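User: I am new to this structure. Please take me through the labels given to its parts, and show me how each one is earned.

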Amino acid sequence: TPTFSPDGKTMIFARGNTGKRKDTSPDVDLYISKNVPGEGWTEPKMVPASDSSAWDGSPAFSRDGNTLYFSSNRAGGSGGLDRYRVNMDASGRFGNPTNMGKAINTAGDEMFPFVSEDGKLYFASDGHPGLGKLDLFVAVRSQGKIGVENMGLPYNSSLDDFGLSI
């Protein structure tokens, strides 16, 4: 699923690296393309914060467009796919990705982020206690600490629940 910057001029998406039609390799990277007036979308280039030795996908921009959230199974994580964040400066340069920590990440998979208008991070996880496989969660910051809340019924079921968008 692609993500678009708030102004609609930048798109980031995940793509397999080999370029082969039937790519079964586990490595997926994040790519960026910009919409240039009168020219259209630029040729996608790999996001510098992406790690070709890992699976990087499931991108989402923050509401101000300065932070990119994504999932990765890169070395040093909690296991499975972890949530990461990387800041982008005004000229479009990326900083270093930061693992979002054990309050959000588990030994399972954390994927499919969405950042709401009020800045809350929603995501799917099969590692936090839930009703089934992937469940929808919201990360809430209170008194400097991040807590994760299961969204419960009717949003979650005993099956996979993911891809929240408001």
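Analyst: What follows is a set of short questions about a predicted model, with answers that set values against cut-offs.

User: What makes you trust the model, and where is confidence highest and lowest?
Analyst: The scale for pLDDT runs from 0 to 100. The protein chain averages 91, and 94% of the residues score at least 70. By element, strand β4 (residues 40–41) is highest at 97. The lowest is β12, with a mean of 91.

User: How do you know which residues line the largest pocket?
Analyst: A lining residue has an atom within 4 Å of a pocket point. For the largest pocket, 22 residues line it. Thr3, Pro59, Ala60, Pro113 and Phe114 lie nearest its centre. The pocket has a volume of about 400 Å³.

User: Which strands supply that lining, and which gives the most?
Analyst: β1 (3–4), β6 (56–61) and β10 (110–115) each supply at least two residues. β10 gives the most, with five.

User: What classes do the residues of that lining fall into?
Analyst: There are 13 nonpolar, seven polar and two charged residues in the lining of the largest pocket. Pro and Phe count as nonpolar under the rule used.

User: What is the volume of the second largest pocket, and which residues are closest to its centre?
Analyst: The second largest pocket has a volume of about 320 Å³. It is lined by 17 residues, and Tyr69, Arg85, Gly119, Leu121 and Arg141 are the closest to its centre. Two elements give two or more residues to this lining: β7 (67–72) and β12 (135–142). The largest share, three residues, comes from β12. By class, the lining holds eight nonpolar, three polar and six charged residues.

User: Why is the pair of Phe70 and Tyr84 called stacked?
Analyst: Two cut-offs decide it. Ring centres must lie within 6.5 Å, and planes under 30 degrees apart count as stacked. Phe70 and Tyr84 are 5.8 Å apart centre to centre, with 20° between the planes. Both values pass, so the pair is stacked. Phe70 is in strand β7 and Tyr84 in strand β8 (residues 82–87), so the pair ties together parts that are 14 residues apart in sequence. Both residues are buried, which means under 20% relative accessible area for each.

User: How do you know that Phe123 and Phe137 are stacked?
Analyst: The same test applies. Their centres are 6.0 Å apart and their planes differ by 25°. The limits are 6.5 Å and 30 degrees, so this pair is stacked as well. Phe123 lies in strand β11 (residues 121–125) and Phe137 in strand β12, 14 residues apart. Both Phe123 and Phe137 are buried. The count of aromatic pairs comes to five.

User: What makes you say that a charge sits over the ring of Tyr31 or of Tyr84?
Analyst: For Arg, CZ must be within 6 Å of the ring centre and within 35 degrees of the ring normal. The charged end of Arg15 is 4.2 Å from the centre of the Tyr31 ring. The charged end of Arg74 is 5.3 Å from the centre of the Tyr84 ring. Both distances are within 6 Å, and both contacts are counted as a charge over a ring.

User: Is Gln143 buried or exposed?
Analyst: Exposed means over 50% relative accessible area. Gln143 has 82%, so it is exposed. It sits in the loop between β12 and β13 (145–150). Gln143 and Phe114 are 29 residues apart in sequence and 22 Å apart in space, C-alpha to C-alpha.

User: Why is Phe112 called partly exposed?
Analyst: Its relative accessibility is 27%. That falls between the 20% and 50% cut-offs, so Phe112 counts as partly exposed. Phe112 is found in strand β10.

User: What is unusual about the backbone?
Analyst: Most residues other than glycine have a negative phi, and most peptide bonds are trans. Phe112 has a positive phi of about 50° although it is not a glycine. Gln143 also has a positive phi of about 50°. The peptide bond from Leu153 to Pro154 is cis, with omega near 5°. Pro154 lies in the segment after β13.

How values were computed
Residues are numbered from 1 along each chain as its sequence is written. This is a predicted model: local features need pLDDT of at least 70, side-chain atom pairs count only at pLDDT 80 or more; totals for chains, interfaces and linings use all residues. Side-chain values use heavy atoms; hydrogens and water are left out. On a 1 Å grid over the protein atoms alone, a cavity is a set of points where a 1.4 Å probe fits but cannot get out, and a pocket is an open set with protein on both sides within 12 Å along at least five of seven lines; lining residues have an atom within 4 Å of a point. Grid points are joined across faces, edges and corners, and a volume is the space filled by probe spheres set on the points. Helices (H or I, at least four residues) and strands (E, at least two) are DSSP runs, numbered from the N terminus. Rings of Phe, Tyr and Trp (its six-membered ring) pair if their centres lie within 6.5 Å; planes under 30 degrees apart count as stacked, over 60 as edge-to-face and the rest as tilted. Buried means under 20% relative accessible area, exposed over 50%, partly exposed in between (1.4 Å probe, protein chains only). pLDDT is the predictor's confidence in each residue, from 0 to 100.
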